[in-house]
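Subject: Structure handover

Hello,

Here is the structure you were waiting for. My notes follow below it.

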Amino acid sequence: MKQKLWKNKVIYQIFPRSFYDSDNDGNGDIRGIINKLNYLSDLGIDAIWLCPVYDTDFADAGYDVKNYKSIWKIFGDLNDFEELTRKAKLLNINIIMDIVLNHVSSKHPWFKKACLSSKNIEHNYFIWRDKLSKNEKANSIFGGSAWEYVKSVDKYYFHLFSKEQVDLNWEHPDTIKAMADIIDFWYKLGVRGFRLDAIKHISKVFPDGKNNDFSWGPTAVKQLQKFNEIAFKDKKDIFILGESSGISKAEAIKYGTGKQKISSNFYNFAWWSIGWGKETGRNGYDPSWDYKDFLLKMKSFQESKKIPPDLMTNFLSNHDTSRAISRWGDENIFHNESAKTLALLQFSLKGIPCIYYGEEIGMLNPKFLSKNEFKDVDALNAYKLLVGKRKIYSDSEMTKYLNINGRDNSRTPMSWSDDINAGFNDGHLPWIKNGFDYKTNNVKKQLKDKDSILNFYKKIIKIRNSNKYKKILVDGESKMQLLNNGAFKITRKYNDKKIIVIVNLQKIYVKFKNLDYGKKIISSWSDNKKSKNILRPYESIMFLE
Ligand code: TEU
């Protein structure tokens with residue numbers, strides 16, 4: 001498995017339905033992304049990871065693919081897509097395609113044929129049971145049983161996610177060949193990056209039936225290596241990003257380096273569950289979450305010599321989380337400072353940074369009023385399961401918690417301006433509600449303000465790319481230390497050069513004996529007040545020692 005040197009790249013993730021709506025039908029589209037390429041190039045990013053754009057019923061936001069070689073008509077067509085990759089290339093931006101390997105839509109032609117008769121070849125592409133034994137009472141990740149009955153064949157099929165997402169049988173050789181063929185298709189259209197969705201789940205061979213989180217099953221490595229060999233062997237200029245939620249340090253080393261390598265890079269999920277419900281995950285909330293976890297959960301990844309700078313991609317939020325500032329920062333007076341502190345933290349670490357659309361202007365959770373405003377299958381199932389069936393929450397509690405951690409929070413229209421619909425389009429009602437703060441917080445406004453969050457992102461990207469700091473910030477070793485006063489100290493070191501970052505992730509003043517760690521490179525507070533012994537709320541500073 002070869003890959004271009006991506007360690008010094010910055011990735012930008014787009015949720016296409018909410019980025020920019022070029023034809024004013026309420027849905028973002030590929031032309032919308034083309035229109036905004038100059039904006040992205042000015043921001044300084046090197047690659048765009050596109051959440052799925054294939055033909056879909058959008059049962060799980062496009063992760064239910066009906067045809068892997070097509071574009072959903074709401075998003076445009078293959079000509080638009082080709083134009084996107086071509087124009088992006090001219091700006092030195094690569095496109096990363098989201099490849100959904102674990103399952104297909106229940107409307108995919110294979111599954112339709114599979115349901116017509118057990119004798120059809122396609123029937124074996126899926127996982128079936130005539131009867132459900134005790135061991136097979138598996139639960140889907142979105143709640144409820146993972147087995148669904150099909151009358152025409154009198155059998156149950158397996159779906160780890162929603163029932164509209166049918167798990168593929170990776171033990172069947174056709175599956176691997178078909179997926180490799182899809183990679184070829186997009187490669188020919190100019191795609192040079194591939195995000196492999198939910199790869200830890202592809203192997204479902206559990207002889208004892210006991211492992212019911214269906215992660216890293218016994219044939220995962222064998223099958224994924226076979227897939228890599230067929231899909232990527234002749235492609236020397238690509239980047240592979242494995243999505244394996246909650247991956248541990250040991251797993252990242254095991255599956256990202258050495259003999260069992262199946263992906264050249266993994267997302268680092270160290271932070272994603274901070275503040276989630278202990279039992280209910282992102283459909284709940286834990287008010288006792290501790291900001292120190294940012295350090296404690298990341299430290300071992302950062303300090304391990306076995307984790308090279310290009311093995312992990314670090315993110316604050318994505319389409320599976322809510323907005324980072326609403327979760328962990330301050331939505332009010334320290335909005336700017338907390339957004340910049342989180343950005344500074346992310347960009348100070350070893351690993352490839354991935355910015356989620358809107359994060360660069362500090363977008364917030366939109367505040368959904370009731371169940372009717374949610375679109376996400378996971379959120380709607382949560383009302384059914386946690387309110388209806390298990391009675392853990394009342395209806396209003398559910399709304400409250402989903403407003404904190406639910407996935408729809410990060411799927412709202414990008415705030416481009418203070419015009420109608422945040423400048424997302426020319427006035428057609430968007431498919432999902434708008435943020436509440438776009439009048440005061442939007443791209444147009446922030447472009448004009450030199451101290452805006454957006455301009456901070458531009459600066460921090462430039463710093464990372466500059467000849468002066470690149471080696472230290474990209475290749476340097478990394479140490480994380482919790483200081484007695486509660487601030488974090490991150491030390492990046494390359495040969496005899498050192499960058500020290502002091503991070504205050506709290507809404508309080510923090511005292512220091514001496515805050516002089518060297519020459520200030522950038523700070524999350526934009527005034528130039530110099531205090532030698534106090535950090536203000538969310539004040540974080542990067543120094544060259
Ligand atoms: O997410 C996969 C994913 O999050 C699971 O691997 C994880 O184990 C689970 O959420 C446990 O918390 C990807 C996409 O990012 C997501 O949007 C999709 O819904 C999902 O796959 C299904 O395609």
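Let me start with helix α7, residues 249-256. Its buried residues are A252, I253, Y255 and G256. They pack against three elements: α6, β13 (265-268) and β14 (312-315). After α7 comes G258, with a positive phi near 75 degrees. Please keep in mind that this is a predicted model.

Next, the core. The largest nonpolar core has 158 residues. Y12 and F194 have the most contacts inside this core. Helix α5 (residues 173-188) supplies the largest share, eight residues. As background, nonpolar side chains tend to be buried together in soluble globular proteins.

What is F194 in contact with, leaving aside its neighbours within four places in sequence? The list is I96, M97, I99, I183, W186, Y187, F232, I238, F239, I240 and L241.

Two helix pairs are worth a look. Packed helices are described by the angle between their axes and the distance between the axes.

The first pair is α5 with helix α6 (residues 220-232). Their axes come within 9 Å and cross at roughly 40 degrees. That angle is not under 35 degrees, the limit for roughly parallel, so α5 and α6 are oblique to each other. The crossing of α5 past α6 is right-handed. On the α5 side, the contact uses I176, M179, A180, I183 and D184. On the α6 side, Q223, K226, F227, I230, A231 and F232 take part. By class, the contact of α5 with α6 has eight nonpolar residues, one polar and two charged. I183 of α5 and F232 of α6 belong to this contact, and both also appear among the contacts of F194.

The second pair is helix α10 (residues 335-348) with helix α14 (residues 453-465). They pack at an angle of about 20 degrees, and their axes are 10 Å apart. Angles under 35 degrees count as roughly parallel, so α10 and α14 are roughly parallel to each other. Here too the crossing, α10 past α14, is right-handed. From α10, the contact draws on H335, N336, A339, K340, A343, L344, Q346 and F347. From α14 come I453, F456, Y457, I460, I461 and R464. The residues of the α10 contact with α14 divide into nine nonpolar, three polar and two charged.

Best wishes

Terms used
Residues are numbered from 1 along each chain as its sequence is written. This is a predicted model: local features need pLDDT of at least 70, side-chain atom pairs count only at pLDDT 80 or more; totals for chains, interfaces and linings use all residues. Side-chain values use heavy atoms; hydrogens and water are left out. Axes are lines fitted to C-alpha atoms, for helices over the stretch in contact, and angles run from 0 to 180 degrees between N-to-C directions. Helices (H or I, at least four residues) and strands (E, at least two) are DSSP runs, numbered from the N terminus. Angles under 35 degrees count as roughly parallel, over 145 as roughly antiparallel, 65 to 115 as roughly perpendicular and the rest as oblique. A crossing is left-handed if the near helix is turned anticlockwise from the far one by less than a right angle, and right-handed if clockwise. Contact means heavy atoms within 4.5 Å. Ala, Val, Leu, Ile, Met, Phe, Trp, Tyr, Cys and Pro count as nonpolar, Asp, Glu, Lys and Arg as charged, and the others, Gly among them, as polar. A nonpolar core is a set of buried Ala, Val, Leu, Ile, Met, Phe, Trp, Tyr and Cys residues joined through side-chain atoms within 4.5 Å. Buried means under 20% relative accessible area, exposed over 50%, partly exposed in between (1.4 Å probe, protein chains only).
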